[in-house]
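Here is a short report on one protein chain. Look at the sequence and the structure first, then read on.

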Amino acid sequence: QVCAVVGPVEPRASEGMSVLTEQAQIPQLQYGTIDRRLSRRDDFPSIARTISEVRYYATSMAEYLQTRPGYERDYIGIIYDFSDYGEQFEDALEDGEDRLGFESLTEHIVQDDIESIRDALGDVVTDGYH
């Protein structure tokens, strides 16, 4: 008899697996994904998280960057692809701008498209690097 499911790491696979674990009335232990959607208890009642949501990582990263003596920044550049994770990092950093005293500069890339990566890096350097 199966008593629990551990994983999977990929968020969309976790969503699919949650349908099965909910029907079987067994817990799904989520250890690897930081996707905030999986914390919605109404949508994913069988999922038990053992890792924090992405907003905690993003906020901690911004706090670290802003509180290191001599390393305070006027801006934090955010370059990400159009994935759920990227948008979640952007949202969390934008939420912390006023409290931590920085501006975020956001550029999006297309995964595996080297030209979009070069463009995003160039834009962040041009628009915000001092």
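## The sheet

In which sense do strand 1 and strand 2 pair, and over how many bridges? They pair in the parallel sense, over two bridges. Keep in mind that this is a predicted model. In this pairing, Val 5 stands opposite Gln 28 of strand 2.

Three strands make up an open sheet. Their order is 1-2-3, and the pairing is parallel. Strand 1 and strand 3 (47-49) stand at the edges. Each has a single partner strand, so one side of each has no neighbour in the sheet.

## The helix across the sheet

Helix 1 lies across strand 1, strand 2 and strand 3. Its direction is at about 155 degrees to strand 2.

## Two unusual backbone spots

Most peptide bonds are trans, and most residues other than glycine have a negative phi. Two places here depart from these habits.

The first topic is a peptide bond. From Gly 7 to Pro 8 the bond is cis, with omega near -5 degrees. Pro 8 sits in the loop between strand 1 and helix 1.

The second topic is a phi angle. Gln 25 is not a glycine, yet its phi is positive, about 55 degrees. Gln 25 belongs to the loop between helix 1 and strand 2 (28-30). Is Gln 25 buried or exposed? Gln 25 has a relative accessible area of 73%, so it counts as exposed.

## Salt bridges

Side chains of opposite charge can pair when their charged atoms come close. How many salt bridges are counted in this model? The count is six.

Arg 37 forms one with Glu 15, with the closest N and O atoms 2.4 Å apart. This pair links distant parts of the chain, 22 residues apart. Arg 37 is in the loop between strand 2 and strand 3, while Glu 15 is in helix 1. Arg 37 also bridges to Asp 35, at 2.8 Å between the closest N and O atoms. Glu 15, Asp 35 and Arg 37 are thus linked in a network of salt bridges. Asp 35 and Arg 37 are both buried. Glu 15, at 22% relative accessibility, is partly exposed.

Glu 53 and Arg 55 form another salt bridge (3.2 Å, N to O). Glu 53 is buried at 13% relative accessibility, whereas Arg 55 is partly exposed at 39%.

## A nonpolar patch

Val 6, Val 9, Leu 29 and Tyr 31 make a nonpolar surface patch of about 360 Å². Val 9 lies in the loop between strand 1 (5-6) and helix 1 (11-24). Its relative accessibility is 40%, so Val 9 counts as partly exposed.

Methods. Residues numbered from 1 in each chain as written. Predicted model: local features only at pLDDT ≥ 70, side-chain atom pairs only at ≥ 80, totals over all residues. Heavy atoms only, no water. Patch = residues over 30% accessible without salt bridge, like charges linked within 9 Å, V, L, I, M, F, W, Y side chains within 5 Å. Areas by Shrake-Rupley, 256 points an atom, 1.4 Å probe, with all protein chains shown as cover. Salt bridge = Lys/Arg side-chain N within 4 Å of Asp/Glu carboxyl O. Helix = DSSP H or I, 4+ residues; strand = E, 2+ residues; numbered from the N terminus. Buried < 20%, exposed > 50% of the residue type's maximum accessible area, 1.4 Å probe, protein only. Pairing = 2+ DSSP bridges. Contact = heavy atoms within 4.5 Å. Axes fitted to C-alpha atoms, helices over the stretch in contact; angles between N-to-C directions.
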